[in-house]
Amino acid sequence: MFPTPEPPRSPGVTLVDVDELVLEQLLSLAHRDASPDEVAPPMGGPGWNPERTAWFRNYHREAAAGLDGAAGEKSWAVFSAGHAAGFVRLKRIAPAEVPTAETGIWLGRSYRSRGIGTAALTLVLDHARSAGLSRVTARTLAGNRAAQQLLASAGCRLTPDDDGTVLAVVDL
């Protein structure tokens, strides 16, 4: 579908709205550089099956309307040096005592440990501030030390939960 780019050595990170062209670049990246369990819920059997692929497309199409759209969510493609490297999202949490959104990030395996996640998280927190949010949360697995380090470096307070996850919270 799309040629496989050489992963960049330096971040040069931007967040790009997900239109149909960008969506296909993200899907191509996910197919070649991720386990489907990293980016889509289990459905329809193992691997990148038609159900997971359809879910992936629908998710990003619904999130295109933004935080004030029906889904209350916005996703962006993370680009590094002009190539799709993954995606990041914000989803409003309501009701909340202060305006809050949850974030999540996924990067293709070949784009990890290059500073891209740190840059993308910084950019999405800037978007959260611009949207009038006061708090951003994230949840990761207790064993995912890289994600915990990334979240802590952004100023998040990390709290382990009894369910094997860690809650991250940052006040903006």
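## Strand pairing and helix packing

Pro160 stands opposite Val166 in strand 7, and this pair offers a way into the predicted model described here. Strand 6, residues 157-160, and strand 7, residues 165-171, pair in the antiparallel sense over 4 bridges. The hairpin that these two strands form has 4 residues between the strands, and within the hairpin Gly164 takes a positive phi near 85°.

The hairpin belongs to an open sheet of 7 strands, whose order is 1-2-3-4-5-7-6 and whose pairing is mixed. Strand 1 (13-17) and strand 6 are the edge strands, each of them pairing on one side only. On average, and with direction ignored, neighbouring strands of this sheet are turned by 30° against each other. Parallel pairing is found between strand 4 (residues 100-107) and strand 5 (residues 135-141), which are joined by 3 bridges; here Ala101 stands opposite Val136 in strand 5. In a regular strand, side chains alternate between the two faces of the sheet.

The two strand pairs described above are set out below.

| Strand pair | Sense | Bridges |
|---|---|---|
| Strand 6 (residues 157-160) and strand 7 (residues 165-171) | antiparallel | 4 bridges |
| Strand 4 (residues 100-107) and strand 5 (residues 135-141) | parallel | 3 bridges |

Helices lie across this arrangement of strands. Helix 3 lies across strand 2 (73-80) and strand 3 (83-93), and runs at about 110° to strand 2. Helix 5, residues 145-153, lies across strand 4, strand 5, strand 6 and strand 7, and its direction is at about 165° to strand 5.

Helix 3 (residues 50-63) also meets helix 1 (residues 20-33): their axes come within 11 Å and cross at roughly 140°. Angles over 145 degrees would count as roughly antiparallel and those of 65 to 115 as roughly perpendicular, and helix 1 and helix 3 are therefore oblique to each other. Their crossing is right-handed. On the side of helix 1 the contact is made by Glu20, Leu23, Glu24, Leu26, Leu27, Ala30 and His31, while helix 3 contributes Thr53, Phe56, Arg57, His60 and Arg61. By character, the residues of this contact between helix 1 and helix 3 divide into 5 nonpolar, 3 polar and 4 charged.

As for annotation, an unreviewed UniProt entry lists residues 13-172 as "domain: N-acetyltransferase". In the model, the end C-alpha atoms of residues 13-172 lie 21 Å apart, and the span is 35% helix and 31% strand.

Technical notes
Residues are numbered from 1 along each chain as its sequence is written. This is a predicted model: local features need pLDDT of at least 70, side-chain atom pairs count only at pLDDT 80 or more; totals for chains, interfaces and linings use all residues. Side-chain values use heavy atoms; hydrogens and water are left out. UniProt positions are given in the numbering used here, feature names are shortened, and annotations may be inferred rather than shown by experiment. Axes are lines fitted to C-alpha atoms, for helices over the stretch in contact, and angles run from 0 to 180 degrees between N-to-C directions. Angles under 35 degrees count as roughly parallel, over 145 as roughly antiparallel, 65 to 115 as roughly perpendicular and the rest as oblique. A crossing is left-handed if the near helix is turned anticlockwise from the far one by less than a right angle, and right-handed if clockwise. Contact means heavy atoms within 4.5 Å. Ala, Val, Leu, Ile, Met, Phe, Trp, Tyr, Cys and Pro count as nonpolar, Asp, Glu, Lys and Arg as charged, and the others, Gly among them, as polar. Two strands pair if DSSP finds at least two bridges between them.
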